[in-house]
Amino acid sequence: MTRGILIAGNESALFSAAASEAAKRVEQYASALIPGPFPSSEGTAVPAGADKGLQLSWSPGSPISARTLVLAAENRMGRIDDAVLVCSPPALYRPAEALAPGEADSLINDHIKGWFFLVRELALYFRSRQAGTLALVVSEVPAGGGKDAPADLLGPPAAAAFRAFSQSLLASSAIEPFSILGFGSAEAGSEADFAAWFFKFIDEGGKKNSGKWHKYAKLRFF
């Protein structure tokens, strides 16, 4: 049976790079996008090997949708061996007073709360199999809105919440029967190299690197 890879996250250059790497390794992978309210400012191009990707629907703010996503990925691929969660949230340059309460609630559900629901379902799935890899990937590239632009109300808090959540999961990895790996990069424009780098860790499998936060740097890659 072929290896099953599930990639979840919002549309971004990093997500596309992760999908391209998955396509090099398997005949077919599954992917799920966070349905963002704004188009990504980066990397909207179709990733290489996109024809191998099974596009699955996901409503991150719904725990039922998280369960449905995991079941759909398993049914379509036969099993899930690796789940790669890619956090590279879009920027929201807007004055705080211009953000409607309903819009704020939707953004928090999709880019913060949704990860909790999905990780819960994946942990249950991997525990039942007594195997698997949960890879938590975050882009830590500073926002570049300019000194006169409004603050980015979404990117930094969403990435910080994902990083903190990941650290908690990594701390508990020793008691899990599956591997939990964390990856971060603050290198702008190096998404393809970053994805190739963290997939090498995933490919190695086993528990050797589990529970560790791995920081990408260009000089380390080559």
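In this predicted model, helix α1 passes helix α5 in a right-handed crossing. The axes of α1 (residues 13–25) and α5 (residues 191–204) come within 8 Å and cross at roughly 45°. That angle makes α1 oblique to α5, because oblique covers angles that are neither roughly parallel, roughly antiparallel nor roughly perpendicular.

On the α1 side, the residues in contact are Ala 13, Leu 14, Ala 17, Ala 18, Glu 21, Ala 22 and Arg 25. They meet Glu 191, Ala 192, Phe 194, Ala 195, Ala 196, Phe 198, Phe 199, Lys 200 and Asp 203 of α5. The residues of this contact divide into 11 nonpolar, no polar and 5 charged.

The strands form an open sheet of 7, with parallel pairing, in the order β3-β2-β1-β4-β5-β6-β7. β3 (53–56) and β7 (213–216) are at the edges with a single partner strand each, so one side of each has no neighbour in the sheet. Direction ignored, neighbouring strands are turned by 20° against each other on average. Within the sheet, β1 (residues 5–10) pairs with β2 (residues 29–34) in the parallel sense over 5 bridges. Gly 9 has Leu 33 in β2 as its bridge partner.

Two helices that pack on the sheet are listed below.

| Helix | Strands touched | Direction |
|---|---|---|
| α3 (residues 101–129) | β1, β2, β4 (82–87), β5 (133–139) | about 170° to β4 |
| α4 (residues 155–171) | β4, β5, β6 (179–185), β7 | about 150° with β5 |

Both β4 and β5 are thus touched by α3 and by α4.

How values were computed:
Residues are numbered from 1 along each chain as its sequence is written. This is a predicted model: local features need pLDDT of at least 70, side-chain atom pairs count only at pLDDT 80 or more; totals for chains, interfaces and linings use all residues. Side-chain values use heavy atoms; hydrogens and water are left out. Axes are lines fitted to C-alpha atoms, for helices over the stretch in contact, and angles run from 0 to 180 degrees between N-to-C directions. Helices (H or I, at least four residues) and strands (E, at least two) are DSSP runs, numbered from the N terminus. Angles under 35 degrees count as roughly parallel, over 145 as roughly antiparallel, 65 to 115 as roughly perpendicular and the rest as oblique. A crossing is left-handed if the near helix is turned anticlockwise from the far one by less than a right angle, and right-handed if clockwise. Contact means heavy atoms within 4.5 Å. Ala, Val, Leu, Ile, Met, Phe, Trp, Tyr, Cys and Pro count as nonpolar, Asp, Glu, Lys and Arg as charged, and the others, Gly among them, as polar. Two strands pair if DSSP finds at least two bridges between them.
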